[in-house]
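Student: I'm new to this one. Could you pick a single spot, look at it closely, and then show me how it fits into what surrounds it?

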Amino acid sequence: MSGFGGFLLRRAVGTAVTLLAISVLVYVVFYATPGNVAQITCGPRCSPEQVHQVAQQLKLGDPLYLRYWHFLEGIFVGQDYSTGTSVAHCPAPCLGLSYQSDQQVMDIILTKLPVSLSLVLGAMVLWLVIGVGTGVLSAWRRGRFSERVLTAVTLAGWATPVFVLGLVLMIVVCGELQLLPFPQYVNFADDPEQWAWNLLLPWLSLALIEAAAFARLTRAAMLETLAEDHIRTFRAYGVGERAIVGRHALRGALAPVIALNANNVGSAVGGAVLTETLFGLPGIGQELVHAVKVVDLPVVVGMVLVVGFFVVIANAVADVLYAVADRRVVLA
Amino acid sequence: MSEALVASQPPGTDTPVPGASGARQFWRRLRAQRAALVAAAVVALLVLVALAAPLLTALEGQDPTTYHPSLIDSARGGVPIGSFGGISADHWLGVEPQTGRDLFARLAYGARVSLAVALAATVLQVFLGIVIGVASALGNRWVDQLLSRVTDIIVALPLMIMSLALLAIVPSSFPRPVLVSLVIGLIAWGNIAKIVRAQTLTLKGLDYVLAARLSGWGAWRIARRELLPGLAAPVITYAALLVPTNISAEAALSFLGVGVKPPTPSWGQMLTAADVWYQAAPQYLLLPAGALFVTVLALTVLGDGVRTALDPRAASRLRVGTGRRNETGGAGTGKEETS
């Protein structure tokens, strides 16, 4: 099969295979470890009876491939959990049950997801605007003093850990200057204005750090394009510098920026974990850190799968966008 | 991204000196970059502090783990007694709030932990990357398919999330710094494997490797004698940028309270509680934050300098003569899963 449809189909199959492989890897790493899996899954505070129940629930007596199949079944069909006295049904996609809070992992994730999405998507808009803007500016002002300043600022952003920048911002803006109250998450549905004000600092912290990579990439890609023959031809025809940099050279940076944005999703999620923990935003990241500290394995595994899912999907979408931006990719 | 981040890239660094050996040319090109030299000096100083931490703290007369309750004003919630967070001749940088542990000692020993964890993780990443990349490029179609798929998956997994998760299931009796470097090393080798695979595929088609194959050399001997030298430039370039990434990763994990745990000091971990104390003891926040910033900055600038000095793309163009673009893609961005 050839053409764009074939390309889409190949990408879709590849993505599905990757997702399945990730689920195998995650399952093997977390549920086939040496040691008492039922005890680890149930958590340190479980009684022997509860551990026994969890062992039955996970079908630990079965061979590994059957257990994995059982786990997949839960995701696609749903599963029943007996909690001793009653039976709880966990509808698909079922990521299991937290034995420490007796909540379904999917429910926990769904209540936390809006916070994390608010943070990451808002920050993404900012880092694309700031990063690409800085890159364009420094390619345009190349060789001048202002370019050196931009390069130095970019480098500083590159080298600053997100939690250091967040800490400093919080202390200066909220503590010393008292321009903003210390962030406290407000639901978008409850009060959009307060939602944005409270997310402003977390957005900025995450975005400024991530923007550095985009500024670097945009500048490099634009300088590379500016050195190409067709730009010289434009110049010879008398096209103005602003149009050359702003339109033609920027086009050369488009595809790499899309690719980096997809590759960056994983890094941004890591940054979001830190930002949420630092600012006390009740998102997936904060919950994950909590689950890791109390060793709530089903929650940890569920979150790894959900985040992995988002990252792989983002990469697939970026591949398609990349192909739209540059049709030669389809042939490769 | 062939463009180095450092602005002071001198012109004419690309012209090879006839007769100069690879290593000498590398040093010559590295020395020509002022920013890289400054960064190298800073890194050298940091390494020195890390190595000499026991000596330096002995000179100060302190150690990183002893509590000094007498230096803490418990009536005011654990604020260090004295001005500037308790700076004195005995405690060069003051003491930690609440515990009264010596800050200089914790900072110096923290440098040890940061650098050791990052270096160990980098060594592991490079080792795995080379083994898997070379095996993938030299193996048959199925081996290549399998290893490439595995590499793709590893690249897709977010480092922070995976390491958080892995740190959850390992018993707490396992030594934490070793565990953190193992976890970072085992998760983030994907990009380097991709680079190695691409470069090996290029090298495999070259005449001198072909000649070695036709002379009946075994795969192992070819890999060791003919391929590894050709892999050095891209691997060193990427590894140099992995070190600061790994330092940030360790700091982030320790900041979250799941990496290196007290009493072992680590810069990221020192920042966990620092925001509460910024008014009483600002250096408790500023010192580890500054140390992290300077270290990552210096290592990044040095890494950029190394890249400019090695310039694998120009080098491979010279050698291969095809002028085709580096197919490794992600290599140039350097930064993986940091924070």
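Tutor: Let's start with A:Val295, which counts as buried because it has 20 C-beta neighbours inside 10 Å. The cut-offs are these: a residue is buried with 20 or more other C-beta atoms within 10 Å of its own, exposed with 12 or fewer, and partly exposed in between, the C-beta atoms being placed from the backbone. Keep in mind that this is a predicted model, where local features need pLDDT of at least 70, side-chain atom pairs count only at pLDDT 80 or more, and totals for chains, interfaces and linings use all residues. As for the labels, residues are numbered from 1 along each chain as its sequence is written, while chains are lettered from A and ligands numbered from 1 in the order in which they are written.

A:Val295 sits in the loop between helix H11 (284–293) and helix H12 (297–325) of chain A. Helices here are DSSP runs of H or I with at least four residues, strands are runs of E with at least two, and both are numbered from the N terminus. What's odd about the backbone of A:Val295 is its phi, near 50 degrees, a positive value in a residue other than glycine. Most residues other than glycine have a negative phi.

Chain A offers another case: A:Gln178, with phi near 55 degrees, is also a non-glycine residue with a positive value. A:Gln178 is in a loop too, between helix H7 (162–176) and helix H8 (192–226) of chain A. But A:Gln178 is exposed, with 9 other C-beta atoms within 10 Å.

Now zoom out. An unreviewed UniProt entry annotates residues 113–322 of chain A as "domain: ABC transmembrane type-1"; such annotations use the numbering here with shortened feature names, and may be inferred rather than shown by experiment. That stretch of chain A is 84% helix and 0% strand, with its end C-alpha atoms 27 Å apart. The same kind of record marks "transmembrane region" in chain A, including residues 299–325.

Then there's the largest nonpolar core, with 177 residues, in which A:Val300, A:Val304 and B:Leu271 touch the most other members. Such a core is a set of buried Ala, Val, Leu, Ile, Met, Phe, Trp, Tyr and Cys residues joined through C-beta atoms within 7 Å. Helix H4 (residues 103–138) of chain B gives the largest share of this core, 18 residues. Domain 1 (2–104) and domain 2 (106–331) of chain A both contribute, so the core lies between them; those bounds come from an automatic or database domain assignment.

Leaving aside residues up to four places away in sequence, A:Val304 touches A:Val26, B:Ile161, B:Met162 and B:Ala165. Contact means C-beta atoms, placed from the backbone, within 7 Å. Across the whole interface, 49 residues of chain A are in contact with 43 of chain B. On chain B's side, H6(B) supplies the largest share, nine residues.

How far can you trust this? The model scores ipTM 0.84 and pTM 0.83. Chain B averages a pLDDT of 78, pLDDT being the predictor's confidence in each residue, from 0 to 100.

How values were computed
Contact = placed C-beta atoms within 7 Å.
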